Amino acid sequence: MKCIYCLLLPLLFVLSAHCQNVTNADFRVEGSNIVINYTLDAIADIDIYCSIDGGKTFGLPLQNISGDVGSNVMPGNKTAVWHVFAERDMIYSNQVSFKIKVKESKKTFDIDGYLLEMVKINGGTFEMGQHSEHATDMSPAHDVTLSDFYMAKYEVSVELFKKFIDATAYKTDADKYGGSYLWGRGYWELSKNVNWKCDTKGHPLDETDYDLPVIHISYNDALAFCSWLKQKTGENFRLPTEAEWEYAASGGEDNNGYLYSGSDELDEVAWYFQNSYDEGTQVVGLKTPNELGLYDMSGNVSEWCNDIYGDYLGGSQMNPSGSSEGHLYVFRGGSWHDQENKCSVHLRFNATPNTRRFNLGFRLAL
């Protein structure tokens, strides 16, 4: 028997701090549906979320909801209807909360026919790293405050990277230094003539597969790409700082405390050793996004960050940018070649700036 026990008790609407143009939110129960009313004072994209633990976690936006939700909702008095049993078998809680949220703004750039989507990440304060009784490079956990920034919705694809190569005739580190590294007989082996045009086995890609994330990319290559894109668009494209990467991967201000980016169940959000080892990288954006609408922050390819690798100093920090000296650079997120434990949003990796491998790519920030 389907149950809507919670609907007999008072519900709380929780409005996002960045949704000042949403007011007068209330609801009523009509049979097996929840009718949600609110007032919107400017055109916006609207998502509605439900929590059954008093607003501690909200998960993904409600899907089986009709009316004034989704893209380009016009201003005025609005009504949305959640068809509860089309989405859930039951709700049995006296701590149900709803959140009406204006979707984060985004910027889209047309790069010679390629649409590059950048998602607005509202700044805030979060706890970076992890508490640990043992010394690790993820501790001490410490408070970090970040300003607003943008993060690319997807990892940089082969298609987009090719536009950079075609425009500049740039030679990657793999081209200059004899190839890229594949994991072979228990260690990294240099494979000749392997570069950005190749797959995880070192074979040339068919152009129909250029929607895969680009790999065999060094930190130096990623910086060169950012410089080209900055010059081309006039926008300050760059690699994310390590703090920005962890904040965005964790869900930003919508952080639900997941171990991986968007879920505690890695299969939902990531390509990793158990589900992609035989095939390698996968087309960007096939898995479920995280709370901010970012895809593949865990798994698929490891992503270079801008920071020089160093120990966490602890204490409160504002927009940190990594160590001031060193010869190793940070990359994050785990990859298709990694086990679950390496896909955590907290785990850190490092390598020299000319390192290129069959699981190393990057994502843009702005």
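**Helix α2 and the two cavities**

I'll start with helix α2: the elements covering its buried residues include β11 (106-111), β12, α4 (219-233) and β22 (360-362). Bear in mind that this is a predicted model.

Helix α2 itself runs over residues 158-168, and its buried residues are Val 158, Leu 160, Phe 161, Lys 163, Phe 164 and Ile 165. So much for the nonpolar names; note that a lysine, Lys 163, is on that buried list too. Just after α2, Ala 169 has a positive phi of about 60°.

Now the empty space. How many cavities of 30 Å³ or more are there? The count is 2.

The largest cavity holds about 60 Å³. Leu 160, from the buried set of α2, is one of its lining residues. The others on that lining are Tyr 114, Leu 116, Glu 117, Ala 152, Lys 153, Tyr 154, Glu 155, Val 156 and Leu 364. Which element gives the most to this lining? Strand β12, residues 114-121, does, with 3 residues. β12 is also among the elements that cover the buried residues of α2. By residue class, the lining divides into 7 nonpolar and 3 charged, with no polar residues.

The second largest cavity has a volume of about 30 Å³. Here α2 appears again through Val 158, which is buried and lines this cavity along with Cys 198, Asp 199, Leu 205, Leu 212, Pro 213, Ile 215 and Thr 281. That lining splits into 6 nonpolar, 1 polar and 1 charged.

To close on the helix: Val 158 and Leu 160 are both buried residues of α2. Val 158 lines the second largest cavity, and Leu 160 lines the largest.

Notes: Residues are numbered from 1 along each chain as its sequence is written. This is a predicted model: local features need pLDDT of at least 70, side-chain atom pairs count only at pLDDT 80 or more; totals for chains, interfaces and linings use all residues. Side-chain values use heavy atoms; hydrogens and water are left out. On a 1 Å grid over the protein atoms alone, a cavity is a set of points where a 1.4 Å probe fits but cannot get out, and a pocket is an open set with protein on both sides within 12 Å along at least five of seven lines; lining residues have an atom within 4 Å of a point. Grid points are joined across faces, edges and corners, and a volume is the space filled by probe spheres set on the points. Helices (H or I, at least four residues) and strands (E, at least two) are DSSP runs, numbered from the N terminus. Ala, Val, Leu, Ile, Met, Phe, Trp, Tyr, Cys and Pro count as nonpolar, Asp, Glu, Lys and Arg as charged, and the others, Gly among them, as polar. Buried means under 20% relative accessible area, exposed over 50%, partly exposed in between (1.4 Å probe, protein chains only). Contact means heavy atoms within 4.5 Å.
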